[in-house]
Amino acid sequence: MYRTGDLVRRGESGALEYVRRRDRQMKVRGHRVEPGEIEAALRDLPQVVDAAVVRPSRGDAAERLIAYVMTTAGASTGALRDRLRERLPAHLVPGALVDLPAFPLTPHGKTDYAALARMPSAPRSGDGPDGGPDGGLADPLEAEIAEIWAKVLARPHIGADADFFDLGGDSLCVVRALNRCRERFGVRLRPRSLFDNPTLRDFANDVRRTIGPG
């Protein structure tokens, strides 16, 4: 026997109906994600008092993770996200960090994750300063990829820290972006390259490795 972690109920027909998972494990962009692992990494950061990671329950943000944090005075969510990138694989880094003065609680005094998941969508990475005309782009390669993403995603500007999927990218957009990269740089990239490196800077580094020296 194998415990899947799924909670089910038996319907009138006798068939088992899926209700939800007993744990908080979720699947995001093909990866199984344990939010507790991300929360633990956030709580290890000196300026984070508490953390809660959820996947929005509705809207176009439903395929990304959002981390809600309570922090000490003067903490920067951008800096916290950068620190998180140093500790976790790319697919575990939330698309946005939102600083709250307090978390909603259940009647039992525990963090109400369902209420957090229903909160209005947080700003997407790339919509702030990093979404400006240059967005911290480091070199011509990043600039060319930003131009490709802007056309594929119909965005005016793409910054170096922008996340392809947070900006509305889907599987079809992935194919279009990779085809344009093949035409521009003469390299063939698998879709996994973009799924594993969703930020422009990380994807550019993968393209750079594929192109090789010279």
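**Exercise 1. Glutamate 142**

Is glutamate 142 buried or exposed? Find its element and its contacts too. Note that the model is predicted.

*Solution.*
Step 1. Place the residue. Glutamate 142 belongs to helix H4, which covers residues 140-153.
Step 2. Check the accessible area. The relative value for glutamate 142 is 3%. The cut-off for buried is under 20%. Therefore glutamate 142 is buried.
Step 3. Look for a polar partner. The side chain of arginine 201 makes a polar contact with the side chain of glutamate 142, at 3.4 Å.
Step 4. List the contacts, skipping neighbours within four places in sequence. Glutamate 142 then touches Gly136, Leu137, Ala160, Leu200, Arg201, Ala204 and Arg208.

**Exercise 2. The open sheet**

Work out the strand order of the open sheet of 3 strands, then place the helices that pack on it.

*Solution.*
Step 1. Read the order. The strands run S5-S6-S7, and the pairing is mixed.
Step 2. Find the edges. Strand S5 (48-54) and strand S7 (96-99) each pair on one side only, which makes them the edge strands.
Step 3. Take the twist. From one strand to the next, the twist averages 25°.
Step 4. Examine one pair. Strand S6, residues 66-71, pairs with S7 in the parallel sense over 4 bridges. Across this pair, valine 69 stands opposite aspartate 99 in S7.
Step 5. Add helix H1. Residues 35-43 form helix H1, which packs on the sheet and touches S5, S6 and S7. The direction of helix H1 makes about 160° with that of S5.
Step 6. Add helix H2. Residues 77-87 form helix H2, which packs on the sheet and touches S5, S6 and S7. The direction of helix H2 makes about 135° with that of S7.

**Exercise 3. Arginine 184 and its salt bridges**

Which parts of the chain does the pair of arginine 184 and glutamate 144 tie together? Repeat the task for arginine 184 and glutamate 147.

*Solution.*
Step 1. Start with the total. The structure has 10 salt bridges.
Step 2. Take the pair with glutamate 144. The side chains of arginine 184 and glutamate 144 form a salt bridge at 3.2 Å, N to O. Arginine 184 sits in helix H5 (residues 171-185) and glutamate 144 in helix H4, so this pair ties together parts 40 residues apart in sequence.
Step 3. Grade the exposure. Arginine 184 has a relative accessible area of 34%, so arginine 184 is partly exposed. Glutamate 144, at 28%, is partly exposed.
Step 4. Take the pair with glutamate 147. The side chains of arginine 184 and glutamate 147 form a salt bridge at 3.8 Å, N to O. Arginine 184 is in helix H5 and glutamate 147 in helix H4, so the pair ties together parts 37 residues apart in sequence. Glutamate 147 is partly exposed, at 37%.
Step 5. Assemble the network. Salt bridges link Glu144, Glu147, Lys151 and Arg184.

**Exercise 4. A pair within helix H7**

How many residues apart are arginine 209 and aspartate 206 in helix H7? Grade the exposure of both partners.

*Solution.*
Step 1. Confirm the bridge. The side chains of arginine 209 and aspartate 206 meet in a salt bridge at 3.2 Å, N to O.
Step 2. Count along helix H7, residues 200-211. The two residues are 3 apart, so about one helical turn separates arginine 209 from aspartate 206.
Step 3. Grade arginine 209. Its relative accessible area is 57%, so arginine 209 is exposed.
Step 4. Grade aspartate 206. Its relative accessibility is 15%, so aspartate 206 is buried.

Technical notes: Residues are numbered from 1 along each chain as its sequence is written. This is a predicted model: local features need pLDDT of at least 70, side-chain atom pairs count only at pLDDT 80 or more; totals for chains, interfaces and linings use all residues. Side-chain values use heavy atoms; hydrogens and water are left out. Buried means under 20% relative accessible area, exposed over 50%, partly exposed in between (1.4 Å probe, protein chains only). A polar contact is a pair of N or O atoms within 3.5 Å; within protein, one must be able to donate a hydrogen and the other to accept it, and residues adjacent in sequence count only if both atoms are side-chain atoms. Contact means heavy atoms within 4.5 Å. Two strands pair if DSSP finds at least two bridges between them. Axes are lines fitted to C-alpha atoms, for helices over the stretch in contact, and angles run from 0 to 180 degrees between N-to-C directions. A salt bridge is a side-chain nitrogen of Lys or Arg within 4 Å of a carboxyl oxygen of Asp or Glu.
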